[in-house]
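The following note is offered for a colleague who wishes to examine this model in detail. Its points are numbered and may be read alongside the coordinates.

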Amino acid sequence: NPQGSSNSQEEKIFVSVRLRPLNEKELARNEASDWECLNNNTIAFNCSQSDRAVVPSSYSFEQVYQEGAKDVILSVLRGINSTIFAYGQTSSGKTYTMTGITECAVADIYGYIDKHKDTEFVLKFSAMEIYNEAVRDLLSSASTQLRLLDDPEKGTVVEKLTETVLRDSNHLHELLSVCEVQRKVGETALNEASSRSHQILRLTIESSAREYGDSEKQSTLAATVNLVDLAGSERSSQALSAGARLKEGSHINRSLLTLGTVIRKLSKKNRHIPYRDSKLTRILHNSLGGNARTAIICTLSPARSHVEQSRNALFFASCAK
Ligand code: ADP
Ligand code: MG
């Protein structure tokens, strides 16, 4: 059902899996693929019958967006905080997927605004990157690390994070190119690939509608959506499968591991959720759990050489459900 399942309005966490096609390099070296999308709901793994994994899959981009992300975006317009993120190993399609989702989200948001002339909307945009538990502003050329503060009303606040009021979707595209440049600068400075950092694009939508019969009374709604392109999951899955405990160290991504724990505990309705254990989960706290909506897209590479990582991404998807 391309419109999303009928009960999806009540679901707080949507999980989908996206299998990308073999890429040119993989095709050039005759890489085998063990995975196949049988239909909209089933990805099959060929090794043996017992390995058949039945998971929600999404083949076309329209479906990836329609089956979760779109509902999440519509929730934000109704004042509900939310987070959309892509989880998977490096090269599995996280950036590809999040770029597409951002495009669709912006088009939907501006489409909605155009249709609701009786409501005033203010859109604000900010962007940050977390690398090795250091937070950096992607709209600023200063390389200073941003601090997280606890505000009694707002929760965790990223101190001095640039927030820009958006004029229109073209303005957003300009800002996205600024982020791209800042991200590359950071990568070069640290001599590290972006596969180890998390990028968070944040849109805050404020709306105030005049209520009928009372021209003085305004009701204002404000909500935030975080669009998160996560670091590659390869290292943390190795750490997890080795049974290693969560520890600091350049080879283990604390934020990614904590996010996994938070999602797992949320889906099991645990009472204690360890948001405070990492920068990423602190920043996302208001938009994960509680009343918030979350869409998770687990991205898979079909290549045989990536089979362990693909299984890991499916395991993550099954834990989140
Ligand atoms: P990641 O961000 O997870 O490291 P990318 O999004 O950069 O991965 O994707 C790796 C490569 O695969 C890119 O060249 C991208 O264009 C391509 N790709 C990813 N997902 C798809 C897809 N669903 N269909 C076609 N090409 C894809
Ligand atoms: Mg990427």
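1. In this predicted model, strands β4 and β12 pair in the parallel sense, with six bridges between them. Strand β4 covers residues 82–87, and β12 covers residues 293–300. Within this pairing, Y87 has C298 of β12 as its bridge partner.

2. How many of the six residues of β4 are buried? Six of the six are, so the strand is largely enclosed by the rest of the structure. In a regular strand the side chains alternate between the two faces of the sheet. For β4, one side carries S82, I84 and A86, the other carries T83, F85 and Y87, and both faces are covered.

3. Strand β12 also pairs with β1: the two run parallel and are joined by seven bridges. In this pairing S16 stands opposite I297 of β12. Strand β1 comprises residues 13–19 and is mostly covered, with seven of its seven residues buried. I13, V15, V17 and L19 point one way from β1, whereas F14, S16 and R18 point the other way. The buried set of β1 therefore includes a charged residue, R18, since Arg counts as charged.

4. R18 also belongs to the residues around ligand 1, which further include R20, P21 and the run Q89, T90, S91, S92, G93, K94, T95 and Y96. By class, this shell divides into two nonpolar, six polar and three charged residues. Which element gives the most to the shell? Helix α3, residues 94–115, does so with three residues.

5. Three distances describe how oxygen atoms of ligand 1 are placed relative to the protein. A polar side-chain atom of T95 lies 2.8 Å from one such oxygen atom. A polar backbone atom of Y96 is 2.8 Å from an oxygen atom of the ligand, and for a backbone N or O atom of G93 the distance is 3.1 Å. Taken alone, ligand 1 exposes 560 Å², of which the protein buries 66%.

6. Helix α3 also contains I113. Is I113 buried or exposed? With a relative accessible area of 16%, I113 counts as buried because the cut-off is under 20%. Leaving aside neighbours within four places in sequence, I113 is in contact with F121 and L123. The C-alpha atoms of I113 and L77 are separated by 9.1 Å, although the two residues are 36 apart along the chain.

7. E129 lies in strand β5, residues 119–131. E129 has a relative accessibility of 6% and therefore counts as buried. Its side chain makes a polar contact of 2.7 Å with the side chain of R136 and another of 3.0 Å with that of S197. Not counting residues up to four places away in sequence, E129 touches A134, V135, R136, L138, R183, S197, H198 and Q199.

8. For the protein as a whole, there are eight helices and twelve strands. Of its 321 residues, 51% count as buried. Among contacts between residues at least 6 apart in sequence, 67% join residues at least 24 apart. The exposed area is about 16100 Å², with carbon and sulfur atoms supplying 49% of it.

Key:
Residues numbered from 1 in each chain as written. Chains lettered and ligands numbered in written order. Predicted model: local features only at pLDDT ≥ 70, side-chain atom pairs only at ≥ 80, totals over all residues. Heavy atoms only, no water. Near = heavy atom within 4 Å. Polar contact = N/O pair within 3.5 Å; in protein donor to acceptor, adjacent residues only side chain to side chain. Areas by Shrake-Rupley, 256 points an atom, 1.4 Å probe, with all protein chains shown as cover. Helix = DSSP H or I, 4+ residues; strand = E, 2+ residues; numbered from the N terminus. Buried < 20%, exposed > 50% of the residue type's maximum accessible area, 1.4 Å probe, protein only. Pairing = 2+ DSSP bridges. Contact = heavy atoms within 4.5 Å.
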